[in-house]
Structures are given as structure tokens and as C-alpha cells.
Amino acid sequence: MKSRLAATGVLVLAAWALPYGLGGYTVHVVNIALIYALLAIGMGLAMGVSGQINLAQVAFFGVGAYAVAILTTHYGHGFWFSALLAVLATVVVGLFVGVPALRMQSHYLGIVTLGLALGFINWITNADITGGADGISGIPVPALPGVDLSSEYLYYYLEALVFGLALLFGLFVVHTSLGRRLRAMRDDALAAGAMGAEIPFLRMTAFLLASLYGGLAGVLYAGLIRYVAPETFSIANMFILLAMVIIGGRRSLVGCVVGAIGLTMVREWLSDFSTYAQLGYGVVVVLMVVFAPTGLAGVPARLRTLYERRRRAQQSSRAELRPFIPYEVEDRSARDGVLLSVEGVTQQFRGLRALDEVTLTVRKGEIRGVVGPNGSGKTTLFNVISGFYRATAGTVGFAGSDTTTARPYTLSLAGLARTFQNLRLFGQLTVRENVLVALDRTRTHTIWQYALWQPGVLTRERRLRAQADDILRRYGLADFAEADPSSLPYGIQRRIEIARAMAARPRLLLLDEPAAGLNGGEVQQLIRIVRSIRDSGTTVILIEHNMGLVMSLCEKVTVLSSGRVIAEGTPQEVVSAPEVIEAYLGDSDLAELDLDTPPSAARPDRAKEATP
Ligand code: ADP
Ligand code: MG
């Protein structure tokens, strides 16, 4: 902390002293570099942090600059008032450009945003109000009492101040609740939705942030150059900007800044060879994408990972999964009534009927088992209940309301949590951050605090971190809080998924094959964990192949086969039901019904005897 403060102090001093040794032209280049750095931070927030490919940043830049130009020269407004309106206008445009992100992602989104940027460039080149190809000149000098901002030396200080605050704000966003959700969305939007992250709003927020920085950069540019023309906002410049972000490292705002300042300087040195320079940037970008996909900013982290992997190999015995600490037992009288009711649900995938009129009622306080051969529709049932799929027919009711068409994040906020058959942890987040995403129950609209009440964000952050550490301790994961989940053994990752789901304090927990891949000891611990979760007042539905586990945990089991419920009852009842035996034998899937843990009724030989 102290060293960080000292480093910041040194940086501020250096920024203060910088113009003293420099000539007028160099200061101009520095001023341009800072504007590109602001643009790059906006790109980094949308692309690197939130995973929303945004190739319209140059248009946001243009909207900010042109709005100032038009408002000051055509309408005679003052610079600062125009600047405020210009940033607002850019954000409105940014939200509009972000709308396609609600429907499409990755390169499709890139193409659409690029198309919108092209449309903007076309418009400024041809419209009367924008002065066509000639652009708009005569933008007034921003007025500041006692400071002559027509001097580029003094303008530098204005820019440096805005840039410093903007960078701080960006870092603040990335390292707190909002940024964590944006990063979770980037890593796995489905899992983030299931943890309560309101994906559509977050996607729009990514564009809001990008356009905010674009608008600021445009305003500063208009005040600096006092002339705007289409070539500044060209697609060629969009690609330079993209190169800055990729070379610097899109996931790190500091990396984006380094890339922007570095490439602006390089571009200046190479200005006599601009054709070759363009080619050069292209080559460097390709090399970066191939050899250092996380950019320059990622290099130290990669080196550290290499080093740590070696060290961890030596240390691995020291970090360990500690025993689970049971929850406090909740009063049983609170358990009454139906929590989940699935009625006549059918799920059709083109020709395949994955669920066929499934009806199932789960009461509060139950541990319900769902078993069935592979492909019988168990995971699909979870996907329907948790809002990932919308049932073709039938209804789902959860906690007293009809949730047939509810979105995953709505269901999560209403108290439903789940794990995934094929682990879906957020790969680029630490274990603690994975838990924090689920722990954070605030709605996206509370991001107004980021603009108006930052202490509120920090207080909440501190409280959440303390809670996250409690949860990690309870699940015996404290040693791994800072670890990157993919570096951990499978059994530990499964445990993290349960801890993450429980961090949302759900009323209903869906576990999709939680014992898959666990060893015997780990299965025993899992049994303790699930019992304690139920005793704490959370109802559990569990899909499982391991019949021993089902037998010892569940009071009631529902058996699916080819999308239909073929039996329901106590574990002993269902394993001896003829339909069940036939379903398993017919599928030559009996081996999967792992029956080697007692009771005797579940023995495969008995099952065979009973078959006609
Ligand atoms: P289980 O979890 O019981 O092994 P699933 O619910 O995963 O089975 O799958 C049931 C059937 O539905 C399978 O035949 C599977 O291929 C099919 N299925 C599942 N999800 C989809 C999907 N999104 N699109 C098409 N078919 C699917
Ligand atoms: Mg499955």
C-alpha cells in the first residue's frame, strides 16, 4: 500500500515536471498521446474487461469532438457547456451502438459496431452541419479564469488532470463490484447470469463506459486542436487504436495506456514512412496476437505464472482443502409447503424431445434426487428450471410465482442457485472473486454510486470481501482464495462451484452431478456438505449417477428416461421398480448406476433377476 502510494506520488511529480524539458511540438505530441490513452481506456473497458467487441470507439471520439464543434460554432454555446452536452450525446450514441450486443456477440458484434462507425464517418463527410470534408474550424479556446488554455503547455495540465482522474475511475471500476461482474460476464456470460448478473444491462454498461471515455477524448481533442475534420475519425485510426489496445494488453487499463502512448510516439517517429509504418503495426499486432495474446501488460503476469508454477509444484503439499465447517441448523418449522413445481414441461430441440411432459413437485427442506441414463434430460430439466431454456410447453413455479419465462438472473435474485455438470468457474477470476460475484446481490442500477457516491461502493466491497472469506473458510478453501481456479485439482474446483452457488444464499440449490470425478473421500465430504446445506434451510435437487450417494442423501428420487418421468419415490422404491430396471438395462447403462455402496435392494444382480 505504502509503496503504491509512493509510486503514485512519483508519477504525479513526473507528470507535473514533464513539459519543462520539452519543446512545443513534443508537448503537442504528448497532448495527442493522452487523448489516445483515454480512448484506449474506453476500448479496454469494453473489449478487454467486458468482452464486448467495440469497433465504434473512433465514432464515439468523433461524436464528442463534433458535438463540441457544432454547439460552439453553430449555436454559440460556451465551451464547457458544449463539452458537457457533448459527453452526454456520446453516451446516448454509445448506448444505441450497444443495442446489437444484446443479440449478438464476438466478431458479429465487431462487424456491426464497425458498420455503425462507417455510417458515422460517411455522415460527417457528407452532411452540411459537419462542414463536409472541410470539417469545422474556429472552435473557441476553453475559457478558464487566469489560465490561457491556448498554450499547449497549460493545456497539457488540463489533460493530465482529466486523464489521471479518468484512469483512476477506470481502475476503481475494474477492481470493485461492477468490474468484477463485467469480467465474470466476459469469462462466462451464462454462469454470470446464473449468479445474478444482469447480463443485458451489463453489456449496455460496457458500451456506456466506452462511449464516456470516447466523449471525453473528443471534447479534449476539440479544445486542443480547435478544428475537426473527418480524417481524424477514420477507420485507419480505428485500427491504430485497436493496435494500441492489443499491443498494450486489453485486459489491463494500464496496458492500454502504455500501448496508446507508446504507439503515438512510434507513429510520430515514423511519420515520414507512414505507409511502411501501417504495415509494421499490422505485423506487430499479428505477432502479439500469436505470441502474447495478453499484450505487453500480460507479460509480467505470464512470467509470474511460470515462476509460480514451479514454486507451486514444490509447495503444492502445503495448500490443502480443509474440512467443511457445517452451517447452523435452521428451525425445521420454517419448512413447509411447495418450493418448486414443474408442470407438464416439454422441451423440444428440433426433432428431439428432451423433456416430455415432466411434472415434479419439490417441497421446502427436501433433498431430491434426479437420476436417469445419459441423455435422459436431467440437465435439460435444470436448464429449464433455472431459466436457461424456455420450455416449449408447460409451466414452472418457484417460490410461489410463475417463473416459466423468467431469466436466469431474475431467478438467481429470487433465490435459485445452481452448479454445472461441466464446471463453469470464471477462469480469469481468482477463487475469491468467483465467490464474490455470487455474493454480490446488488442490482445493476446501483452503479449510480460509481458516479455519485464512491465511498458507498468501497464500504460494500469491504463487507463483501469479509463475507467471501467466511465462505471460503467454511468450505475449507481459504488456502486457495488467491488462486486461479483452473490451476486447481478437479475435486477442489467442484467444491468451489458449490461454495460459489451457496454464496448467493439460495432457497433452492440445483447440483448437476456434483460427485462426478470425485474420489471416495471427497464423496463422503460432499454428503456432509449437502446435508448441512439442507439443514441450514436450503432445499436441494441433485442429479447424480452415483446411486450410493443418492441412497444416502435423498428421501425422494425422480427417475427420468428419454425425457419422461418413469418413477418417483424413495430410493429403495425406485431401484426396484420394473420400469426403472428396464430403462437402465435397455440402455446398457447399468454400469452407470453405481450401486456398489449398499443397500442390497440396489444390487445390480438383484435388478437383473427381477427383469422378465
Ligand atoms: P442428461 O443430463 O440426462 O445426460 P441432457 O439433458 O444433457 O441429458 O440431454 C438430453 C437430450 O437433449 C440429449 O439427447 C441431448 O443431446 C439433447 N440436448 C440437450 N441440450 C440440447 C440443446 N441445447 N440442443 C439440442 N439438443 C440438446
Ligand atoms: Mg447431464
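Let's start with a pair of strands: β11 and strand β12 (residues 564-569) run antiparallel and are joined by five bridges. Keep in mind that everything here comes from a predicted model.

**Around β11**

One pair to look for is V559, whose bridge partner in β12 is A567. The two strands make a hairpin with two residues between them, and in that turn S562 has a positive phi of about 45°. Is strand β11 mostly covered or mostly open? Five of the six residues in β11 (residues 556-561) are buried, so this strand is mostly covered; buried here means under 20% relative accessible area.

β11 also pairs with strand β5 (residues 367-371), this time in the parallel sense, over four bridges. Here V370 stands opposite T558 in β11. If you're wondering what holds such partners together, strands of a sheet pair through backbone hydrogen bonds, either parallel or antiparallel.

**The open sheet**

Now move to another group of strands. Which order do the four strands of the open sheet follow? The order is β4-β3-β6-β7, and the pairing is antiparallel. β4 and β7 (401-402) sit at the edges with a single partner strand each, so one side of each has no neighbour in the sheet.

Strand β3 (residues 338-349) is joined to β4 by eight bridges, and to strand β6 (residues 393-398) by five bridges. β3 and β4 form a hairpin with two residues between the strands, where R350 takes a positive phi near 45°. Here are some facing residues you can find in the structure:

| Residue | Opposite residue | Strand of the opposite residue |
|---|---|---|
| S341 | T361 | β4 |
| L340 | F398 | β6 |
| V342 | V396 | β6 |

**Ligand 1 and its shell**

β4 (352-363) turns up again here, as β4 and α14 each supply at least two residues of the shell around ligand 1. Which element gives the largest share? That is α14, with three residues. Among the residues around ligand 1 are F349, L352, P373, K378 and Y389. By type, the shell divides into five nonpolar residues, six polar ones and one charged one.

Some atom pairs are worth zooming in on. A backbone N or O atom of G375 lies 2.8 Å from an oxygen atom of ligand 1. The side chain of T380 has an N or O atom 2.5 Å from an oxygen atom of ligand 1. With Y389, a side-chain N or O atom is 3.0 Å from a nitrogen atom of the ligand. How much of ligand 1 does the protein cover? On its own, ligand 1 has 560 Å² of accessible area, and the protein covers 64% of that.

**The magnesium ion**

Finally, look for ligand 2, the magnesium ion. Which residues coordinate this ion? T379 does so through OG1 and Q421 through OE1, at 2.0 to 2.1 Å. T379 is in helix α14 (residues 378-385), while Q421 is in the loop between β8 (416-418) and α16 (431-439), so the pair ties together parts that are 42 residues apart in sequence.

Are these two residues buried or exposed? T379 has 23% relative accessibility, so T379 counts as partly exposed. Q421 is partly exposed too, with a relative accessible area of 28%. T379 also belongs to the residues around ligand 1, so you can use T379 as a link between the two ligands when you look at the model.

Technical notes:
Residues are numbered from 1 along each chain as its sequence is written. Chains are lettered from A and ligands numbered from 1 in the order in which they are written. This is a predicted model: local features need pLDDT of at least 70, side-chain atom pairs count only at pLDDT 80 or more; totals for chains, interfaces and linings use all residues. Side-chain values use heavy atoms; hydrogens and water are left out. Donors are N, O and S atoms within 2.8 Å of the metal (3.2 Å for Na, K and Ca); water is not among the atoms, so sites may look incomplete. Buried means under 20% relative accessible area, exposed over 50%, partly exposed in between (1.4 Å probe, protein chains only). A residue is near a molecule or strand if one of its heavy atoms lies within 4 Å of it. A polar contact is a pair of N or O atoms within 3.5 Å; within protein, one must be able to donate a hydrogen and the other to accept it, and residues adjacent in sequence count only if both atoms are side-chain atoms. Accessible areas come from the Shrake-Rupley method with a 1.4 Å probe; for residues, only the protein chains shown count as cover. Ala, Val, Leu, Ile, Met, Phe, Trp, Tyr, Cys and Pro count as nonpolar, Asp, Glu, Lys and Arg as charged, and the others, Gly among them, as polar. Two strands pair if DSSP finds at least two bridges between them.
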